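This report describes how one protein chain is built. It is meant to be read beside the sequence and the three-dimensional structure shown here.

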Amino acid sequence: RAILAGLVEANPSVEHFRVELASICDSLGLALREAGRPREAGVRFDQARELCEALVDANPNDPKFVHELARTLGNWTTSLPDDSSKAVATGALERARKTLASSLESNPTNLVMQADLAWIETLLGNRLASAGRRSEALAAYERALEARERLSRTNLTSVRHIEQQIGLHRM
């Protein structure tokens, strides 16, 4: 992480370095969360989110940046307890959903983003259900199901491979 952070600082216009640093920060956030260090995990997720948001703001249709932002927001929200920051987590998931949906309009055959969208819709449904917003949760679950069905019709083998690559786990 330190090497990439140095590269980003020395070369702030090189987007590849920034997205790789975001990915590493996101992975560190997951590892720290699993190690029972939620504050440190939060710092890393925040770093990843800030890097990704800047990249997506500058390049809203770049699938790699959109994917990384959605992944970071999704992973961050899974690290929050159900009873804390409900509105913040729901807002982050809604942002991820809108960003993915918008990017999919110009990249409709991107299977990675389609898988991301299904995962984000599922996470959003879980958050909405835990907040007692049952009808909204049901709508999110239905959108997740539709997205997974579209992926299944495309190529089931490719879908499983993509889900493994991006760390998508069935709930």
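In this predicted model, helix H6 is largely enclosed by the rest of the structure, because 17 of its 20 residues are buried. The helix covers residues 111-130, and at 1.5 Å a residue it should span 28 Å; its end C-alpha atoms lie 29 Å apart, which agrees with that expectation. At the N-terminal end, Asn110 acts as a cap for H6, with a side-chain oxygen placed 3.0 Å from the backbone nitrogen of Val112. At the other side, H6 is followed by Gly132, whose phi is positive, near 80°. One residue of H6 that is not buried is Asn126, which is partly exposed at a relative accessible area of 29%. Asn126 and Ala137 are eleven residues apart in sequence, and their C-alpha atoms are 6.8 Å apart in space.

**The chain as a whole**

The chain contains seven helices and zero strands. Read from the N terminus, its elements therefore run α-α-α-α-α-α-α, a helix being a DSSP run of at least four residues. Of the 171 residues in the chain, 42% are buried. The accessible surface comes to about 8,900 Å², and carbon and sulfur atoms account for 52% of this area. If one takes the contacts between residues at least 6 apart in sequence, 58% of them join residues at least 24 apart.

**The nonpolar core**

Which residues touch the most other members of the largest nonpolar core? They are Leu100 and Ile120, in a core of 35 residues. Six helices, namely H2, H3 (38-58), H4 (63-78), H5, H6 and H7 (134-166), each supply at least two residues of this core. H6 gives the most, with eight residues.

When neighbours within four places in sequence are left aside, Leu100 is in contact with Val66, Ala70, Met113, Asp116, Leu117 and Ile120. Ser103 lies in helix H5, which covers residues 86-106. Is Ser103 buried or exposed? With a relative accessible area of 0%, Ser103 is buried. Residues up to four places away in sequence not being counted, Ser103 touches Pro60, Asn61, Val66 and Met113. Val66 and Met113 thus appear among the contacts of Leu100 and also among those of Ser103.

**Helix H2 and its residues**

Helix H2 covers residues 15-34, and its 20 residues should span 28 Å at 1.5 Å a residue; the end C-alpha atoms are 29 Å apart, which agrees. The buried residues of H2 are Arg18, Val19, Leu21, Ala22, Ser23, Cys25, Asp26, Gly29 and Leu32. The spacing of such a list can be read with one general rule in mind. An α-helix has 3.6 residues a turn, so residues three or four places apart point the same way. Just after H2, Gly36 takes a positive phi of about 75°.

Two further residues of H2 are partly exposed. His16 is found in this helix and has a relative accessible area of 47%. The C-alpha atoms of His16 and Leu55 are 9.9 Å apart, although 39 residues separate the two in sequence. Ser27 also lies in H2 and is partly exposed at 36% relative accessibility. The side chain of Ser27 makes a polar contact with the side chain of Arg71, at 3.3 Å. Ser27 and Thr72 are 45 residues apart in sequence, with 8.8 Å between their C-alpha atoms.

The following table sets out the residue pairs described above.

| Pair | Separation in sequence | C-alpha to C-alpha distance |
|---|---|---|
| His16 and Leu55 | 39 residues | 9.9 Å |
| Ser27 and Thr72 | 45 residues | 8.8 Å |
| Asn126 and Ala137 | eleven residues | 6.8 Å |

**Cysteines**

How many disulfides does the chain have? The count comes to zero. For Cys25, the closest cysteine sulfur is that of Cys52, 9.1 Å away, which is too far for a bond. A disulfide would need the two sulfur atoms to be within 2.5 Å. Both residues are nevertheless buried: Cys25 has a relative accessible area of 2%, and Cys52 stands at 1%.

Key. Residues are numbered from 1 along each chain as its sequence is written. This is a predicted model: local features need pLDDT of at least 70, side-chain atom pairs count only at pLDDT 80 or more; totals for chains, interfaces and linings use all residues. Side-chain values use heavy atoms; hydrogens and water are left out. Buried means under 20% relative accessible area, exposed over 50%, partly exposed in between (1.4 Å probe, protein chains only). Contact means heavy atoms within 4.5 Å. Accessible areas come from the Shrake-Rupley method with a 1.4 Å probe; for residues, only the protein chains shown count as cover. The expected span of a helix is 1.5 Å times one less than its number of residues. A polar contact is a pair of N or O atoms within 3.5 Å; within protein, one must be able to donate a hydrogen and the other to accept it, and residues adjacent in sequence count only if both atoms are side-chain atoms. A nonpolar core is a set of buried Ala, Val, Leu, Ile, Met, Phe, Trp, Tyr and Cys residues joined through side-chain atoms within 4.5 Å.
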